Amino acid sequence: MDQSIKFDLDLIKRYDKSGPRYTSYPTALELHEGFGEAEYRRHIEKSNAAGGPLSLYFHIPFCDTVCFYCACNKIVTKNRAHALPYLDNLCQEIEMQGALFDRSRPVNQLHWGGGTPTFLSAEQMRRLMDTTRANFNLHSDDSGEYSIEVDPRETDDRTIAELRALGFNRISLGLQDFDPDVQKAVNRLQSKEQTFAVLEAARKEGFRSTNIDLIYGLPLQTMPSFADTLDQVLAYAPDRFSIFNYAHMPSRFKTQRQIDEAALPSPAAKLEILQMVGQKLTDAGYVYIGMDHFAKPDDELAVAQREGKLYRNFQGYSTHSDCDLVGLGVTSIGRVGDAYMQNYKELDEYDAAIAQGKLPVFRGVDLDDDDKLRRAVITQLICHFELSFEHIEREFGIVFNDYFAAELAKLQPMKSDGLLDLTAAGIQVSSAGRLLIRNICMVFDKYLAQKQQQFSRVI
Ligand SMILES: C[S@@+](CC[C@H](N)C(=O)[O-])C[C@H]1O[C@@H](n2cnc3c(N)ncnc32)[C@H](O)[C@@H]1O
Ligand code: SF4
C-alpha cells in the first residue's frame, strides 16, 4: 500500500473547515443521559456472550501545573494528597466493573491517560496495576499492548523502570515545543535534557514503542523555530510522532484565554509549518498514518495499516479492532458491543456514584443499524484511505450506490479536486486527499449538519 502524502496548499486552504476527529462514530456529542447504568450492564452481558479480548482505558485527571493550551480533561493541583481518594474510588470502580466482565477475556490493550498518570506516586501506580490484575485477565508475558502517557517534567529513570516493571511496554511523552519563548507563552517549561533522558531511559528499559507529542499553531511559533524542535527530536528517532494542530477554543477551555491571540501564527504560517513537518518526517523515513500521526515503517501502526488491520478509538489509532473498550475513571469513555458510554465528568459526581456502589456511567448511546454502517465506512476511510463498496455491501446487506446516493454526489467535487478517485468499485483517497481525510469522512456523518460549529478546524 502507498503510504505517501502530498501537500497541496491550494486544496488545504479551500477545504479548511471545522470537523470531528472521528475517534468514534457517532461522536461523543450524541451521547445522552437516557443511557445509564442499566443499559451499560445489558451491553456487558451481550458482550460477554459474544466473548473476545478487552481493552482498558484508565483516566488519571491530575496535573501539577496548567499548560494554557490544554484541551484535555484535567484537574490542576499542587496537592498530591488529592490522588489518594481518587485512587480509592478508581480501585472500587475496577472491582465493580471487573465483576461484570467474563474473567476469561484477555486484556490485549491497556492505556493510562490524563491529565498526567505520573502524578501518582510509584506506590499508587503499583496499587492501581495490582488491583487491575486482580480483577481483569492481564497478560503477564509482555504480549499485551500496555501504554502510558508521561510528562517528562515529572518522570525520571526510576519511574520509567517502575512503569516497565508494572507491565507497560509502550510510552508516549508530552513535549509540544522546545522554543523557550513558546514554552513561556504556554506556561510549560521543559528542557531538552529531561525530555531526552526519559526517552533514553524508556529505550533502555525495553519499551517497544516510543511516541512524542508536539503541537503546531502555538503562540510565537514560526516555521524555522518549530523545524528546530523537530530536528532535535528527530535526532533521537522516536518510533512515533503525534503532531497535533492546536485547537484554540477559548470559549470552551478557560485557560486558553491566557494565550495572546495576536501571538498565534497566521493560517498561512501554520500551513507553512505543516508542510515543513510533512517534508521532514517523510525525508526521515516516517510514514503518515493519518490524522496527526506519523510512525516508522516498521512500527506496529504502520504495519497494521499496510495489512489493512488498523483501527481508531478514543486513544487514536490502534491495532486492536476486535476489543471492547472499558473506560475507567472520571470522564472516561468506553465502547462495549454496539454502544458508547461515558463516566461522570465532574469528580464530585463520580465520587458520589462510587460511594453509593453504583457504576459511574452517566450517558451513552446505542448504535442503530445506520450508525454501525456509517461507522464502518468512516473507520475504513480514516484508517486505510480506501473503501471497497463490495466489502460494505456484503457486511451490511445494502446496495452502496442506492444507500449513499446523496453522499456519492457530494464526493464528486472532491473527485474533481483530486482528493480521491471514485470508481464503481470504491473510493481511493489520493496522496493529496490524505491530509483532508476528515473532510471526506464528514460526507458520511449524518449528525454533522447541526453540530459543525462545535469542532476544531481540520488543519
Ligand atoms: C494528556 S496530554 C499528555 C500527557 C501529559 N499530560 C503531558 O502533557 O505531558 C495529551 C496531549 O494532548 C495534546 N493537546 C492538549 N491540548 C491540546 C490542544 N488544545 N490542541 C492540540 N493538542 C492538544 C498535547 O500534545 C498533549 O501532550
Ligand atoms: S498538556 Fe498535559 S500536563 Fe499540560 S495541562 Fe494538559 S494534561 Fe496537564
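## Shell around ligand 2

The shell around ligand 2 comprises 4 nonpolar, 2 polar and 4 charged residues. This is a predicted model. Three cysteines belong to the list of neighbours: C63, C67 and C70. Y69 is also there. The charged members are K74, D151, R153 and R188. G115 and T116 complete the set around ligand 2.

## Packing of α3 on α11

Two packed helices are described by the angle between their axes and the distance between the axes. Helix α3 spans residues 83-100, and helix α11 spans residues 347-355. Their axes lie 10 Å apart and meet at an angle of about 50 degrees. That angle falls outside the parallel, antiparallel and perpendicular ranges, so α3 is oblique to α11. The crossing of the two helices is left-handed.

From α3, the contact draws on Y86, N89, L90, Q92, E93 and M96. Helix α11 supplies L347, Y350, D351 and I354. By class, the contact residues of α3 and α11 are 6 nonpolar, 2 polar and 2 charged. The charged ones are E93 of α3 and D351 of α11.

## Salt bridges

Side chains of opposite charge can pair when their charged atoms come close. Across the whole structure, a search finds 29 salt bridges. One of them joins the side chains of E300 and R170, with an N to O distance of 2.7 Å.

This pair links distant parts of the chain. E300 sits in helix α10, residues 300-306. R170 sits in strand β7, residues 170-176. The two partners are 130 residues apart.

Definitions and conventions:
Residues numbered from 1 in each chain as written. Chains lettered and ligands numbered in written order. Predicted model: local features only at pLDDT ≥ 70, side-chain atom pairs only at ≥ 80, totals over all residues. Heavy atoms only, no water. Axes fitted to C-alpha atoms, helices over the stretch in contact; angles between N-to-C directions. Helix = DSSP H or I, 4+ residues; strand = E, 2+ residues; numbered from the N terminus. Parallel < 35°, antiparallel > 145°, perpendicular 65-115°, else oblique. Left-handed = near helix turned anticlockwise from the far one by under 90°. Contact = heavy atoms within 4.5 Å. Near = heavy atom within 4 Å. Salt bridge = Lys/Arg side-chain N within 4 Å of Asp/Glu carboxyl O.
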